[in-house]
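This briefing concerns a single protein chain and proceeds from particular residues to the chain as a whole. Please consult the sequence and structure alongside the text.

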Amino acid sequence: MSDAEFVVVANRLPVDRVVGIDGVEEWRTSPGGLVAALEPMMRTAHGAWVGWPGQPDVHLDRFEINGIDLVPVALSAEEVADYYEGFANDTIWPLYHDVIAPPQYHREWWDAYVKVNRRFAEAAASVAAPNATVWVHDYQLQLVPQMVRELRDDVTIGYFHHIPFPAHGLYAQLPWRDQVLTGLLGADVIGFQRAQDATYFLTAVRRRLRHEVKGSAVAVPTPDGGARTALAKAFPISIDTEPYLELAARPEVRARAAEIRASLGNPKKILLGVDRLDYTKGIRHRIKAYGELLDDGILSVEDITFVQVASPSRERVDAYVHLRDEIELAVGRINGDHDTMGHTAIRYLHQGYPREEMVALYLAADVMLVTALRDGMNLVAKEYVATRADNRGVLVLSEFTGAADELRQAVRVNPHDIAGLKDAIMTAVEMTPSEQGKRMRSLRRRVLENDVNAWSSSFLRALAEVRGS
C-alpha cells in the first residue's frame with residue numbers, strides 16, 4: 001500500500017470485528033457519524049485510518065476495507081487498563097466534564113498514556129505521504145499532534161476535541177497540564193465543539209505556557225527560535241442526516257413506531273431519553289424530576305410513559321458500576337410506587353439498539369429529554385430533530401450541551417434545577433401543535449443545513465488555509 005495523502009488518527013478503527021454464527025470473522029464498518037463524514041474523502045484522497053482494533057493483544061497488519069486503508073495499533077490488556085480505562089476515562093473524562101465524578105491521578109496511567117500516544121504518532125508518521133494532512137481525533141490522543149510534528153515537520157496537522165474543555169480553575173488540577181497543552185499545540189488547527197471550549201483552551205495556553213494569543217491564534221515557539229501560528233476555534237460537529245431522513249420515511253419504520261406506542265398502552269404522551277449510561281448525561285436528574293411529577297399528581301402513568309434507553313458503557317470502571325445501581329434502584333422505586341397492571345411509569349432499557357429501532361423510537365416519542373450535566377455536543381438531540389419530518393415533537397435540551405448553542409428553539413433547561421426541569425417537562429407535554437411546528441421547523445433547518453459533511457468541510461478548509469498561508 002502506498003503512502004497516504006490524508007491520515008485520520010483516532011482511538012478506534014472505523015470497523016468492528018464481528019464473528020458470525022458460522023464462526024467466521026469479518027470486519028464491518030462502524031455506524032458512527034465520523035466514519036460517515038470521512039469515508040468518501042478517505043477513498044478519493046488515498047486516505048489511511050490509524051486506530052486500535054478494539055480488543056487487547058490483537059496484532060494485525062495493515063489492511064483495506066471498502067477502499068479505506070486501515071492501520072491497526074495494538075494495545076496490551078495492561079495498556080487498555082492504564083491508558084484507556086485509566087487515564088483517558090478515569091482522569092481526563094471526569095476532569096473535562098466539570099468533575100461531576102472525581103478524577104483519579106496516577107503516574108503509571110500517565111506513563112501508559114504517553115507510551116500509547118507515541119505508538120499512534122509513529123504509526124501515523126510512517127504511513128503519511130510527503131506533505132500529507134494528518135487529522136487527530138479526541139481526548140485519548142492529545143499528545144499525538146506534537147509527537148507527529150517532531151517526527152514529520154512536513155505534514156499539516158489538525159486535531160478535533162469531541163468532548164468539553166474545562167475552565168482553567170479545573171484544568172489546572174491536572175498534574176500534566178503543560179504537557180497536554182504542548183501536545184495539542186502541535187496541531188495547526190485545534191477544533192472544539194463550542195466557542196467557550198476554545199476560549200478555555202486559549203486561556204490555559206496563555207496562563208500556563210505564556211504563549212502570545214491574539215483572537216483564536218497562538219504563536220507557538222519553534223526549535224529554530226521563531227514561531228508558527230496555531231488556530232484554536234469552534235467547529236460544532238453534526239450528524240449524517242441522510243440515513244435518518246431515509247429511515248424516518250420508511251413505512252415499516254413508521255409502523256414500528258406505532259407498534260411501540262401500542263406496546264406502551266397508547267399513552268397520550270411518550271417521553272424519551274437516549275444516552276450512554278454515563279454520569280455526565282443527567283439520567284438520575286430527569287428520573288427524579290419525572291418521579292416527583294408523578295408523586296405530585298401532576299402527571300399520571302395512564303397518560304404519560306417515560307422510556308429511558310441507557311446503552312452499556314465502560315462497565316469495568318467503578319463509577320459506572322455504581323451509577324447503574326443507583327439508576328436501577330430509582331427506576332424500581334418509581335415503578336413500584338406508580339405502575340398499574342396496564343401501565344408502566346418508566347420503561348428502562350439497559351441495552352443498545354440498531355439505528356432502525358432508534359428512529360422508530362424517535363418517531364414514537366412526543367418529548368425528547370436531553371438533560372446532560374455536561375456534553376461536548378450531544379448528537380442524539382440532532383438525530384431526534386432530523387427524524388421529525390412531521391414538524392411535531394418537543395426537544396428539551398440542557399444548556400450545558402454543545403447542541404444548545406445551535407438548537408435555540410428547544411426548551412432549554414438547567415438540569416441541576418429539578419424544579420426547573422419539572423417545569424420544562426410540563427411545558428413540553430402541554431405544548432400546542434402549532435408551537436411545536438414553529439419550533440421544530442427552525443430546529444430542522446439548522447440540523448439539515450449544518451450536517452456532518454458541512455462540519456468536516458469547514459475544518460479541512462481551515463487546515464488548507466493554514467497550509468497555504
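Leaving aside neighbours within four places in sequence, with which residues is Arg286 in contact? In this predicted model, Arg286 is in contact with Gly273, Val274, Asp275, Lys281, Phe306, Gln308, Leu369, Thr371 and Leu421, once those neighbours are set aside. The points below place this residue and several others, and then turn to the cores and the overall fold.

**Arg286**

- Arg286 belongs to helix 10, which spans residues 283–295.
- Because its relative accessible area is 0%, under the 20% cut-off, Arg286 is classed as buried.
- Gln351 lies 65 residues from Arg286 along the chain, and the C-alpha atoms of the two are separated by 19 Å.

**Phe165 and Phe201**

- Phe165 is located in the loop that joins strand 8 (156–160) to helix 5 (168–171).
- Although it sits in a loop, Phe165 counts as buried because its relative accessibility is 0%.
- Not counting residues up to four places away in sequence, Phe165 touches Tyr96, Tyr171, Leu181, Leu184, Phe192, Asp197, Tyr200, Phe201, Ala204 and Arg374.
- With neighbours within four places in sequence left aside, the contacts of Phe201 are Phe165, Leu181, Leu184, Leu185, Ile190, Phe192 and Ala232.
- Leu181, Leu184 and Phe192 therefore appear among the contacts of Phe165 and also among those of Phe201.
- Between Phe165 and Lys268 there is a sequence separation of 103 residues and a C-alpha to C-alpha distance of 40 Å.

**Nonpolar cores**

- In soluble globular proteins, nonpolar side chains tend to be buried together.
- The largest nonpolar core of this chain contains 102 residues, and Val9, Val50, Phe120 and Phe201 have the most contacts inside it.
- Helix 3, covering residues 107–127, gives the most to this core, namely 10 residues.
- A second core, separate from that one, has 66 residues, including Leu34, Leu38, Ala360 and Val380.

**Residues with positive phi**

- Most residues other than glycine have a negative phi.
- Val99 has a positive phi, near 55 degrees, and lies in the loop between helix 2 (77–96) and helix 3.
- With a relative accessible area of 26%, which falls between the cut-offs of 20% and 50%, Val99 is partly exposed.
- Asn378 likewise has a positive phi, in this case near 85 degrees, and is placed in the loop between strand 16 (367–370) and helix 13 (379–387).
- The relative accessible area of Asn378 is 8%, so this residue is buried.

**Overall fold and surface**

- The chain has 17 helices and 18 strands.
- For 469 residues, a compact globule would have a radius of gyration near 23 Å, and the chain agrees with this, having 23 Å.
- Taken along the principal axes, the box filled by the C-alpha atoms is roughly 70 × 55 × 45 Å.
- Of the 469 residues in the chain, 57% are buried.
- Among contacts with a separation of 6 or more, 73% involve residues 24 or more positions apart.
- The accessible surface comes to about 19100 Å², and carbon and sulfur atoms account for 48% of this area.
- The chain carries 52 positive and 64 negative charges, and the mean positions of the two sets are 5 Å apart.

Conventions: Residues numbered from 1 in each chain as written. Predicted model: local features only at pLDDT ≥ 70, side-chain atom pairs only at ≥ 80, totals over all residues. Heavy atoms only, no water. Helix = DSSP H or I, 4+ residues; strand = E, 2+ residues; numbered from the N terminus. Rg over C-alpha atoms; globule rule 2.2 N^0.38 Å. Buried < 20%, exposed > 50% of the residue type's maximum accessible area, 1.4 Å probe, protein only. Contact = heavy atoms within 4.5 Å. Areas by Shrake-Rupley, 256 points an atom, 1.4 Å probe, with all protein chains shown as cover. Lys, Arg positive; Asp, Glu negative; His and termini not counted. Charge placed at Lys NZ, Arg CZ, Asp CG, Glu CD. Core = buried A, V, L, I, M, F, W, Y, C linked by side-chain atoms within 4.5 Å.
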